[in-house]
Amino acid sequence: MSAPSSPAPPRVGVRAAFFEASLPVKVVLIGVLINKLGGFLNLFLVLYLTAKGYSTEQAAAALSAYGVGAVAGVLMGGTLANRLGPRNATVISMSGTCVIMGSWLYLPSYPVLLAAAVLVALISQLYRPASATLLSDLTADDRQVMTFALYRFGLNLGSTAAPLIGLGLYYLAGHRFTLVFWGEALVALCYAVLAWLTLPAKSKAANPQAEKAAPQTPGGPDGRRGSGYLAMLRDWRYVLYLVAIGVHSAVYVQYMSTLPLDIKLAGLALKWYTLAVSLNGLIVIAFELLVTKVTQSWPMKLAIALTLGSLGAGVAIYGLPFGPAVILCGTLVWSLGEIIGGPATFAYPGMVAPPRLKGHYIGSFQFMFGLGTAIGPALGGWLLVRLGHGVWPVLALGSAVATVLVLVSVRQPGVAPAGPRAGQPAEARLPSPT
């Protein structure tokens, strides 16, 4: 006689996911939004340097250096999240950002500005793996996807509003950058104080008892052997997932780099590009949380594969004879896919990681996503020069490869033992070590 099947996990609403969360989770979710609202440097770096009399090439080099620092910061943040705990990692990140941004207007030369751009990008990104690790640690398994949907909502809303706020501060200061950079320093300082007062000093990832109690998932590493990123690399399925994410983000970023160039080459009005970008922002901000109420109970493999596959389908549509309808329809397709599995894509690393390696799993995910977005524009531009409008089928093929890798690599996170009620924090449901 077969055992009765376990009931499907309940669907968690947006209000419940936020208001029933612990105080540290609320602080992280609000802090991500606040931090994004104050992220002005990468938006105004080129304008600031050219206004100071530096060349366009020097400004572009500084922006590239900033991108390198940001990617490295995420990778380092994965280690700090485990070794120092989420509170200390966040305080170090935000305090360092405050100091550098507060002194930015007084840096004397281009080499110093270039070094400061790398350093502030690196330091400002250290908090991200710590924040995501804390969210994963303090959120019940059946609320992980919805919580990361709220996390993405803060990221997207902050990224959308930051340029408007920064521009307002620029005009308020009389076409000067004083309030822009001091505003970013103040935001970082406020978040550092808030993190020190409310976030726990240590996370479950640093708790060896939790490590012993945590069940090992098929295909994963033995969390008690080795440490750091080398231990994570023994999880071959997760490594394949990281490759898929890197390819996916390299294709995803093409809507910000290759698409406007192709539209310009086709002689179409750039207003259609503006409308496409606005369409994506509207869909993600307005509908992702609502859609996640339904998709949070879907198998991880299905939700993530639909996201990556939809991007490939949307990019393939761009390859049709160009026109406004093609641009808008392609954007609509991959935007709908983004809201189906975007939260699951972000939640997955923390859900399959051994507790002691959770910061490294999350940090490597964010690193690969950032690496793809850094490499993607150069790759797309190179393909556009050689293939012209034929660049889009090649990029769609990349998304197809990434989707296959997800289907091979993604495993359903382990189910906690039956008994405790839904909504109980994940660490409280672990069995006591013998």
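**Cysteines, cores and confidence**

The sulfur of Cys190 lies 8.7 Å from the closest cysteine sulfur, that of Cys98, which is too far for a bond. Indeed, a search of the whole structure turns up zero disulfides (pairs of cysteine sulfur atoms within 2.5 Å). This is a predicted model, in which local features need pLDDT of at least 70, side-chain atom pairs count only at pLDDT 80 or more, and totals for chains, interfaces and linings use all residues. Residues are numbered from 1 along each chain as its sequence is written, and side-chain values use heavy atoms, leaving out hydrogens and water.

**Confidence**
- The protein chain averages a pLDDT (the predictor's confidence in each residue, from 0 to 100) of 85, and 87% of the residues score at least 70.
- Residues 1-6 have pLDDT below 50 and make zero contacts (heavy atoms within 4.5 Å) beyond near neighbours in sequence.
- Residues 415-434 also have pLDDT below 50, but this stretch has 30 contacts beyond near neighbours in sequence.
- Where pLDDT is low, please don't read the predicted coordinates in detail.

**Cysteine exposure**
- Cys190 is partly exposed, at 45% relative accessibility (buried is under 20% relative accessible area, exposed over 50%, partly exposed in between, with a 1.4 Å probe and protein chains only).
- Cys329 is partly exposed as well, at 41%.

**Nonpolar cores**
- The largest nonpolar core (buried Ala, Val, Leu, Ile, Met, Phe, Trp, Tyr and Cys residues joined through side-chain atoms within 4.5 Å) has 88 residues, and Trp104, Phe181, Tyr238, Tyr241, Met300 and Ile304 touch the most other members.
- Another core, of 20 residues, lies apart from it and includes Tyr252 and Val391.
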